[in-house]
Amino acid sequence: MKFGLWFEPEMVSKDSSLYREHPDWHIHVDKYPLSVGRNQYVLDFSREDVREGIYQQLTKILDATPIDYIKWDMNRNITELGNRILPADQQMEISHRYILGLYELLEKLTTRYPHILFENCSGGGGRFDPGMTYYMPQSWASDNTDGYDRIKIQYGTSLIFPPVMICAQLSEAPNHQVGRTTPLATRANVAMSANFGVMLDLEKESKETLDYTKHAITWYKEHRRLLQFGTFYRLENPFTSNFAAWSFIAPNQEEAVVFFFKALGSASEPLVKLHLQGLNPDYYYQCDQKVYSGEELMKFGLYLNEDLHGDFLSQVFHFTKIDQP
């Protein structure tokens, strides 16, 4: 097991040594009331002296501690936007200068510590953008980890970023944000469709949950290269359908994993036919003792939901190439 830290380097609390030593380092307007968020103020990263001070604090820790992972969080919005150094006619530049200053700090840190995996987080997915992903190859897409909501969140995020960059975690039910209860298998399958992690209190979960979680981790590790670096296809759109589906295809087209999700159950619902993409039409594939041609899977498709009775359900299909039957 490797060691990681989760912190907010851009923040300062009033009851802290840093604030007492540098009460002017946070963003504020002189003689104007301050807004406190999460018991914090935002450090002024548009200022070089502030950035350098934080850099020295961080390197003191990272030089002395064998850290392999950092989750860089930023959880409050910036208010009372003012800089004590810039003249009045440049005060409108602060937001832009702040982000440039943040990039400069991240450039120094990622250059100095190339072995550390930095994860970007900002109030969920608030700063999941190309600028941050230049320095941090994976980002937390949303604090909402509900298995149903995450289907749309990850589907939409995948329009811009590949699943390997989207952090997703198996969390508890009922969900802590929306209060919804979804099946453990569905929560795991949604999370394993991206950069998989686990967010559970292992001391409080049942043996059944722990056993399934162990199984899910083992399965993900076995298929990790395909799920992280295979070609990703969106097959069914959850924004326009009661269903969602996507697939991961190996570069040589000899293996595929397909995830299928159902939102709400209904009486006498029709069968869903899913057309796969990216397979070799001349190959034969086996899944659950059944054999299909690539052409059949892409042109005729699969009937999927005949065994899914209820809400928030899912299926996973693993196809492997075989010799012609």
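How many helices and how many strands are there in the protein chain? With the whole chain displayed, the viewer should show 8 helices and 16 strands, in a model that is predicted.

**The whole chain**

Start with the C-alpha trace of the protein chain, which spans about 75 × 45 × 40 Å along its principal axes. If you colour by accessibility, 47% of the 325 residues count as buried. A contact map is a useful companion view here, since residues 24 or more positions apart account for 67% of the contacts with a separation of 6 or more.

**The parallel sheet**

Select next the strands β1, β4, β5, β6, β7 and β8, which in that order form an open sheet of 6 strands with parallel pairing. At its edges stand β1 (4-7) and β8 (195-199), and because each has a single partner strand, one side of each is left without a neighbour in the sheet. Neighbouring strands of this sheet are turned against each other by 30 degrees on average, direction ignored.

Zoom in on the edge at β1, where 4 bridges join this strand to β4 (residues 69-72), the two running parallel. Leu-5 is a good residue to label here, as it stands opposite Ile-70 in β4. Then add helix α3 (residues 94-112), which lies across β4 and β5 (117-120) and runs at about 175 degrees to β4. Helix α6 also packs on this sheet, where it touches β7 and β8, and its direction makes about 165 degrees with that of β7.

**Two cysteines**

Show the sulfur atoms of Cys-121 and Cys-167. Why is there no bond between them? The sulfur of Cys-121 is 8.7 Å from that of Cys-167, its closest cysteine sulfur, and this is too far for a bond, given that a disulfide requires two cysteine sulfur atoms within 2.5 Å. Cys-167 is likewise in no disulfide, and the structure as a whole holds 0 disulfides. Cys-121 is buried, with a relative accessible area of 1%, and Cys-167 is buried as well, with a value of 3%.

**The antiparallel sheet**

Move now to the strands β9, β10, β11, β16, β13 and β14, which form, in that order, an open sheet of 6 strands whose pairing is antiparallel. Its edge strands are β9 (231-236) and β14 (290-293), each of which pairs on one side only. From one strand to the next the twist averages 25 degrees.

At the β9 edge, select β9 together with β10 (residues 243-249): the two pair in the antiparallel sense over 5 bridges. Within this pair, Tyr-233 stands opposite Ser-247 in β10. Two helices can then be added to the view. Helix α5 (residues 147-157) lies across β9, β10 and β11 (255-262), running at about 50 degrees to β10. Helix α7 (residues 207-229) packs on the sheet and touches β9, β10, β11 and β16 (313-322), its direction making about 95 degrees with that of β11.

**The nonpolar core**

Which residues have the most contacts inside the largest nonpolar core? They are Met-192, Phe-196, Leu-227, Trp-246, Phe-248, Phe-259 and Phe-261, in a core of 31 residues. For context, nonpolar side chains tend to be buried together in soluble globular proteins. Colouring the core by element is instructive, since α5, β7 (166-171), α6 (184-191), α7, β10 and β11 each give two or more residues to it. Among these, α7 gives the most, with 5 residues.

**The annotated span**

Select residues 244-319, where UniProt, in an unreviewed entry, places the feature "domain: Glycosyl hydrolase family 36 C-terminal". In the model this span is 8% helix and 43% strand, and its end C-alpha atoms lie 19 Å apart.

**A last stop at Glu-295**

Finish by centring the view on Glu-295, whose place is in helix α8 (residues 294-299). Is this residue buried or exposed? Glu-295 falls between the two, being partly exposed with a relative accessible area of 39%. Leaving aside residues up to four places away in sequence, Glu-295 touches Asn-280, Pro-281 and Phe-300. A distance label can be drawn from Glu-295 to Gln-277, which is 18 residues apart from it along the chain, the two C-alpha atoms being separated by 9.6 Å.

Note on methods
Residues numbered from 1 in each chain as written. Predicted model: local features only at pLDDT ≥ 70, side-chain atom pairs only at ≥ 80, totals over all residues. Heavy atoms only, no water. Pairing = 2+ DSSP bridges. Axes fitted to C-alpha atoms, helices over the stretch in contact; angles between N-to-C directions. Contact = heavy atoms within 4.5 Å. Buried < 20%, exposed > 50% of the residue type's maximum accessible area, 1.4 Å probe, protein only. UniProt positions renumbered as here; feature names shortened; annotations may be inferred. Core = buried A, V, L, I, M, F, W, Y, C linked by side-chain atoms within 4.5 Å.
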